[in-house]
Amino acid sequence: MGTLATSSFTLHSFPLNARTLKLFNFNNSSSLSYHYFPSKRLSYRTLNSRNSCRFRCFCSHNNDVEKREDSLSNDSGVKTVTPDEADEKKIDEFGSDNTPTSVSSRPPTRSPNGPDYNNFQVDSFKLMELLGPEKVDPADVKLIKGKLFGYSTFWVTKEEPFGDLGEGILFLGNLRGNRENVFAKLQRQLAEVTGEKYNLFMVEEPNSEGSDPRGGPRVSFGLLRKEVSEPGPTTLWQYVIAFLLFLLTIGSSVELGIASQINRLPAEVVKYFTDPNAVDPPDVELLYPFVETALPLAYGVLGVLLFHEVGHFLAAFPKKVKLSIPYFIPNITLGSFGAITQFKSILPDRSTKVDVSLAGPFAGAALSFSMFAVGLLLSSNPNAAGDLVQVPSSLFQGSLLLGLISRATLGYAAMHASTVSIHPLVIAGWCGLTTSAFNMLPVGCLDGGRAVQGAFGRSALVGFGLTTYTLLGLGVIGGPLSLPWGIYVLICQRTPEKPCLNDVTEVGTWRKAFVAVSILLVLLTLFPVWDELAEELGIGLVTTF
């Protein structure tokens, strides 16, 4: 991309509007060429530069286009020519060979065609055009409208910008057939006409005042370049970051295993982790004897993470959906907050989005619940008494669903005490289920947010997301982890997933029901039990209210 290091220029009195197309070309001699295609009036510019600049003006009048190039420099004479004088004299060329001409540097007058823009605004428009994503070629738009759209597919009545920065074209109009059949036909024809240059999206018509006569929402078709719409490849630095995060997650999982042996740890270690006033960390060598016994719990936490990611990949592979490497998020309370896994290809439809999004949490939750159930059974087995660890009974108040399951398995006497003896698999399963539940919250591009967006649409996700943020902010769900999880989502996962190629066709009823039941189980898992209810249900021993 060329740069102008020694030239400066000033633009005056040209109304920018939808009927004017401007192109900026930079060459190696630091000269600036302006090409203007105005609608009916003669347009003019003043260019001031320390180096000579080339000014090119195209004037359209009565369907006649005449052009001339004049070299301007700071040392040349200047003669003022106004648009009114030009119209009165019916000049065919701007200036003459004998008299170098320029335009007046008087303050610009307001045009009835649109507002005037100052120098900074025009320079900003130019910079955005040069540095922004590559837009759709107007010649291709004309070709696509003539070859793809028509009375038998989709009758185009209007065009609007499409994409995050308006780099694409959104075709609005009237559908002339079954939307799925029309979309499939348009995709085939687009590949035949332009090859692999563009992606075509079928989306709901923005600000539509009614539904389609054939049923369902009115649709529009968006066109974007493939290099703009498709995610980029994974870079070397991203691989390095993912590897470092994985190492940190291993460390946090081992730390969780050590913390689960709190009744066996030295007093100075326990004081450091439980006393808010403790400042000096204990000797690390004191923890070495407990690393080996912490490994089974760490393996369980890492196994849940692995199952979660394998579930995503197994669901994505048959549908040719590419996924990024997982970026694991370490957390000392749960071992990990899960992982960030991005889509590296555009999803074909909303059903695929639901299937891939649900596969990960369900795989991780299946393994987690298996460990949780087996751990509860081993906790009540006298032969496994040597492997049990003592945990505060208040731990089971962190989840209404898991607390009730534990109460039903271990019994009232075991749960209605200050501490409860449980197998480490219970802790691993509990942490895995909690992590899976957090990732299934319907907000942003979490797995739950993607599933809700695919099942019920983007507008539904907005309502679910606001509700989720409110519940997390008030601490209604998640307990003490609600604040850190909410901050994590706001920083890393707040943006909804991009549209599918077919973002209109709804998923089946059973998928919607599956997502709804999943959200209900998530709320029951993350809903804490307050003291009065815990005492009544026998979940923990509550001595004060």
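## Close-up views of a predicted model

**View 1. Asp212 sits in the loop between strand 7 and strand 8.** This is a predicted model, and our tour starts at a loop residue that is tucked away. Asp212 has a relative accessible area of 7%, so it counts as buried. Which residues touch Asp212, leaving aside its neighbours within four places in sequence? They are Leu175, Arg179, Pro217 and Arg218. Leu175 turns up again in View 3, as the bridge partner of Phe154.

**View 2. Asn207 and Lys320 both have positive phi values without being glycine.** Asn207 belongs to the loop between strand 7 and strand 8, where Asp212 is also found. Its phi is near 55 degrees. Is Asn207 buried or exposed? With a relative accessibility of 78%, Asn207 counts as exposed, whereas Asp212 is buried. Lys320 is placed in another loop, the one between helix 8 (288–316) and strand 9 (327–331). For Lys320, phi is about 60 degrees, and a relative accessible area of 75% makes this residue exposed.

**View 3. An open sheet is built from four strands in the order 5-6-8-7.** The pairing in this sheet is antiparallel. Its edges are strand 5 (154–162) and strand 7 (198–204), each of which pairs on one side only. On average, and with direction ignored, neighbouring strands are turned by 25 degrees against each other. Look along one edge and you will find strand 5 joined to strand 6 (residues 168–175) by eight bridges in the antiparallel sense. There, Phe154 has Leu175 of strand 6 as its bridge partner.

**View 4. Helix 4 (residues 179–194) lies across three strands.** The strands in question are strand 6, strand 7 and strand 8 (219–225). What angle does helix 4 make with strand 7? The helix runs at about 160 degrees to this strand.

**View 5. Strand 12 (residues 419–422) has one covered face and one uncovered face.** In a regular strand, side chains alternate between the two faces of the sheet. Here, Val420 and Ile422 make up the covered face of strand 12, while Thr419 and Ser421 make up the uncovered one. Strand 12 pairs with strand 11 over four bridges, in the antiparallel sense. Val420, on the covered face, is the bridge partner of Val391.

**View 6. The second largest pocket holds about 1,100 Å³ of space.** There are 34 residues in its lining, and those closest to the pocket centre are Leu256, Ile332, Thr333, Leu334 and Leu395. Several elements each give two or more residues to this lining: helix 6 (236–259), helix 7 (267–274), strand 11 (389–392), helix 12 (424–439) and helix 16 (509–526). Which element gives the most? That is helix 12, with six residues. Sorted by class, the lining has 22 nonpolar, eleven polar and one charged residues. Strand 11 links this view with the previous one, as it gives residues to the lining and pairs with strand 12.

**View 7. The whole protein chain has 17 helices and twelve strands.** Zooming out puts the close-ups in context. The chain has 545 residues, and buried residues make up 44% of them. Among contacts with a separation of 6 or more, 68% are between residues 24 or more positions apart.

Definitions and conventions:
Residues numbered from 1 in each chain as written. Predicted model: local features only at pLDDT ≥ 70, side-chain atom pairs only at ≥ 80, totals over all residues. Heavy atoms only, no water. 1 Å grid on protein atoms, 1.4 Å probe; cavity = no way out; pocket = protein on both sides within 12 Å on 5 of 7 lines; lining within 4 Å. Points joined across faces, edges and corners; volume = space filled by probe spheres on them. Nonpolar A, V, L, I, M, F, W, Y, C, P; charged D, E, K, R; others polar. Pairing = 2+ DSSP bridges. Axes fitted to C-alpha atoms, helices over the stretch in contact; angles between N-to-C directions. Contact = heavy atoms within 4.5 Å. Buried < 20%, exposed > 50% of the residue type's maximum accessible area, 1.4 Å probe, protein only.
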